[in-house]
Every structure is written in structure tokens, then in C-alpha cells.
Amino acid sequence: MSISFDSDFTLTIGGKGVAGASSFPVLNPANEQVVASAPDCSREQLDEAVAAARAAFPIWSATPIAKRKEALLAIAGVIGANVEGLKRLLTAEQGKPYADAMGDVLGGAYWAQATSTLDIPVKVTEDTAERRGETRHVPIGVVGAIAPWNFPIILAMFKVAPALLAGNTVVLKPSPFTPLTTLKIGELLRGVLPDGVLNIVSGGDELGPWMTSHPGIDKISFTGSSQTGRKVMASAAASLKRVTLELGGNDAAIVLPDVDVAAVAEQLFWAAFRNTGQICIATKRLYVHKDIYEPLNAALLDYAKGVKMGDGAEQGVQMGPINNKLQYERVLDLIADAKAKGYKFLVGGDTPPGPGYFVPITILDNPPEDSRIVQEEQFGPVLPLLKFDDLDDVIARTNASPYGLGGSVWSADEEKALDIASRIASGTVWVNETQYLSPLGAFGGMKQSGLGSEGALEGLLEYTNVQTVYLKKKAVAPAAE
Ligand code: NAD
């Protein structure tokens, strides 16, 4: 299907398309031109979306799980059937190359499909002549799902798919920087899902806080920065809403001296620079053993020379711009700080004037461990290469971070690498790869990288309340006729 950028993008409330109370422009980060206007959801319209979700909840939660699984498959089918148009729209608003936009859209479809294979367990706690006890997982109610701009579709589906499977209804809010593809998916799903089961709202900076403080929302599932995550948790505390928080990271990769440098350089490059570094689980600190520091650094620079950066809609482009001005300025500020402190740049450091939020590939040579570029999440194409000698020391440096999202270890000695992996305080650790996520493996952050998890049974159960039911057998005699 071809999707017109000139079409009216509308909110989805109670299964209907609704124009926003006003609208706001969505920019293409490659050229800063307006892609389209997005509806700006008013407070009253959010109330309507929450009311529609509440109205749909009794029937949806009582719908047999087999039917809810069919609904997830239908979502996957609709997204998959429209991937070409959705991919173009996503590249226009997000900036990533078409191939990556396709990965995000199809990843969302895959997540819905794979989540449909999960089941919700019932545990029989006892079953005697006297009593039967069962612990069940029941839906919570209305879930407010808040998504970021780096992978708008798959990260929204991380929330929507398990929430719906567990029997909840949803109000989904995409980032104001990337609302269009999500709104379009909402439009395509009208009539596919029962009215009110999935509502989609877009808006400005006030909409998220309205959701987290809304009395009609029972749970918030949030993906975004740790800074915003703290605000979400504080706001949700007022009504003790359940929260799942998927937050920032500062993943380290530890590269041991026994690796084949030429073979790992390309993988390590993309571990840091895929999606222009805008990945929560991107490698943001690359610790390289001193014996291979120089050759690896040369191999990375050599590989970087052949990588094409540009408008994601152009043929052959592998890295797009930073998605938005705010993030662009954050990344430039980190580069300016590194320059001001006199750190050595192996490549990059100068930024073209624009238009477009382009930051060239930037690699720094062994900046101090306590520098901002090492300690802060850069979320852009800027990577510090760091030298190490002693394993205990590099593990301590890796773990001396408020973040604990991911991390990786690279070595030909798998046993040794697994042992190091077990000493890293992060929710996910990879050996000899990065960023592999599976709907069957739980994903979540330790420390200030999050609370709870997504994916797998663990993630699914985050959308349930635990309920234990005891039956005292033959305790009450039937009334006499
Ligand atoms: P952000 O925190 O600025 O925004 C995320 C979402 O929250 C957006 O939809 C935004 O509109 C909304 N929001 C903003 N303020 C809010 C508030 N006070 N209350 C409620 N909602 C509010 O994050 P971002 O810049 O969109 O995304 C980048 C960050 O997300 C990075 O730190 C990255 O590491 C993190 N991230 C984490 C994961 C993960 O799974 N752990 C995945 C992707 C991105």
C-alpha cells in the first residue's frame, strides 16, 4: 500500500479516527523540512481515549486468550502487509535508512506474532481433600504505553503485544518526534481490533505527564531516558500505578587480546554506530586490551571510512542523522566538552553546518575514565576507545556506572568470556555479539537502567496482577430444598 504523507494523521480513540484539538509539525531530521502535521491530543481527548479503553476492558479481558492471540496475529499481518509505505514514512520522520526502518516495522510485526505463542500460567498451590489453591495472573486494566523515538514501532510493540495478550486495553503514546508511523498503524488497525482496545494519542510535552497522573490508567509501561523515567515513577506513585521502566544505558564492550582484530572490527563498529548510535543497548564504551588497542583502532578507522552517512531515503546510505534537534545539541555539547578538555579525536569532531542533524562518525582515543564522554550516555555516533590491561580493573570500570542495561565480552575463549559476563552488573550481557534480542528472552535494566522487564513470560506477567484463589471443599452444605 502507498501511504501518503499528505493524508490527515488522526488519533485513534474508541476505534475511530479523531482530529487533534490542534496540530504540530513533524520534521524530517535529514533536511529539517516538515513531513506532515500530527494531531495534538488535548486533555479532554486523552480522557476520551482512557474512557474508551476502560469501556472496552470488561469484554476484552473476558475474551478467551486464543482470540486475543488471533488479534496479535492480525496486528502482525496488517503491519507486514503495509511495510513498504510504513518504512518510507518512518525514514522520513526518524531519519534511519530504509533497510533499518524496514527492520523496525517488521520487527514490530514479528514481536506481535512471537508474543502470541506465549501462555499465561496458572499454578496450583495445593489440591487436597480439604482445599484447592490456585495462583493466577489477571489483567490489570488500562495500560498507558509511552514510547521513544529511536525505534518507534518495535519498542511500542514490546508493550502493546503483551499488554493485549494478557487482557488489558491500551492507550499508546509515541514520541512527538516520531508519531506518524504509529498513528498510521493505529488507522490501519481500526476495525481489526475491537473498538477501544488499542487507542493511539500523540501530543506535546504535557501529554506524557497527563497519562502518568491519569486516574483511569492502571499501569504505565515506559521506554525512554532515565531522567524521564524518574519523573514517570514519581508521578505514577500518587495512585500506586504499576510501572515498567526501560531506560538509558552506557554499555561497555570488553575486547580481550585473543580476538581476530580484522574479524571483530566491523561488528564492533556497528555495535556502537548502528542507528547512528541511538540505541539504548549500543556499545557506548569500548574497552580494548592494550595488546590489540592500536591494531583495533586502525581497523575501526579503516572500516569507518567506507560507511556512507546521509538521508536515509537515499540509496546506499548506512547511517542517518540524529533524530531531533534536542538530541543533536546534546551530542554536540559532549563533543565540545571533549574538545575543550583537549582529548584526542581519531576521527570526527567537526560538524557540518546543515541543514539536517548530521554528526559525523566520531571516535576518541582513550579519554579519561571520569570524562563526560565516558560517563554519560551519548546516544549518538560518538565512541570513546579505552585501553585496559588488567581484567579485574576493566570489570570494575564497567560496573562503576549508574546504568546497568547491557554489555558485551569478546574473546575466542568462550568459557573465560562467560565468566567475565557473569561479573557484569547489567540486565543483558552478550558474548561475541551484541544487541540480539528475542521475544523468548527477558530484557530489562539493572540499577538506573530500569525496573521490570520486557519480552518472554517475565515481560508478559508485568501486565498482570497476581490473584490467589482458595476453595475450601465441601465446607458449605447446599440449602435444603
Ligand atoms: P525521553 O525520556 O525524552 O522520552 C520518551 C517518551 O517519554 C516520549 O514519548 C516522551 O514524549 C515521553 N515523555 C517525556 N517527558 C515525559 C514525562 N514527564 N512523563 C511522561 N512521559 C514523558 O526519551 P527519548 O529521548 O525519546 O529516548 C531516548 C532514551 O531512551 C535514551 O536514554 C535511551 O537509552 C532510552 N531507551 C531505552 C530503551 C530500553 O529498552 N531500555 C530503549 C530505547 C531507548
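The legends below describe close-up views of a predicted model.

**View 1. The ligand in its pocket.** In this predicted model, the ligand sits in the largest pocket. The elements that each give two or more residues to the shell around the ligand are helix H7 (207-212), strand E10 (219-223) and helix H8 (226-237). Domain 1 (11-247 + 449-468) and domain 2 (251-431) each supply at least three residues to this shell.

**View 2. Residues around the ligand.** There are 29 residues around the ligand, and those that come nearest are Ala 147, Lys 173, Thr 228, Leu 247 and Glu 377. Sorted by class, the shell consists of 15 nonpolar, ten polar and four charged residues.

**View 3. Polar contacts with the ligand.** A polar side-chain atom of Glu 377 is placed 2.6 Å from an oxygen atom of the ligand, while a backbone N or O atom of Leu 247 lies 2.7 Å from a ligand nitrogen atom. At Gly 224, a backbone N or O atom lies 3.2 Å from an oxygen atom of the ligand. The ligand taken alone exposes 850 Å², and the protein buries 89% of that area.

**View 4. A cis peptide bond in a loop.** Gly 354 and Pro 355 are joined by a cis peptide bond, for which omega is about 10°. Pro 355 belongs to the loop that runs between strand E14 (344-347) and strand E15 (362-365).

**View 5. A positive phi angle at Leu 240.** Leu 240, a residue other than glycine, has a positive phi value near 50°. The loop that holds Leu 240 lies between H8 and strand E11 (242-246), and H8 is also among the elements that give residues to the shell around the ligand.

Conventions
Residues are numbered from 1 along each chain as its sequence is written. This is a predicted model: local features need pLDDT of at least 70, side-chain atom pairs count only at pLDDT 80 or more; totals for chains, interfaces and linings use all residues. Side-chain values use heavy atoms; hydrogens and water are left out. A residue is near a molecule or strand if one of its heavy atoms lies within 4 Å of it. A polar contact is a pair of N or O atoms within 3.5 Å; within protein, one must be able to donate a hydrogen and the other to accept it, and residues adjacent in sequence count only if both atoms are side-chain atoms. Accessible areas come from the Shrake-Rupley method with a 1.4 Å probe; for residues, only the protein chains shown count as cover. On a 1 Å grid over the protein atoms alone, a cavity is a set of points where a 1.4 Å probe fits but cannot get out, and a pocket is an open set with protein on both sides within 12 Å along at least five of seven lines; lining residues have an atom within 4 Å of a point. A molecule sits in a cavity or pocket if more than half of its atoms lie within 2 Å of its grid points. Helices (H or I, at least four residues) and strands (E, at least two) are DSSP runs, numbered from the N terminus. Ala, Val, Leu, Ile, Met, Phe, Trp, Tyr, Cys and Pro count as nonpolar, Asp, Glu, Lys and Arg as charged, and the others, Gly among them, as polar. Domain bounds come from an automatic or database domain assignment.
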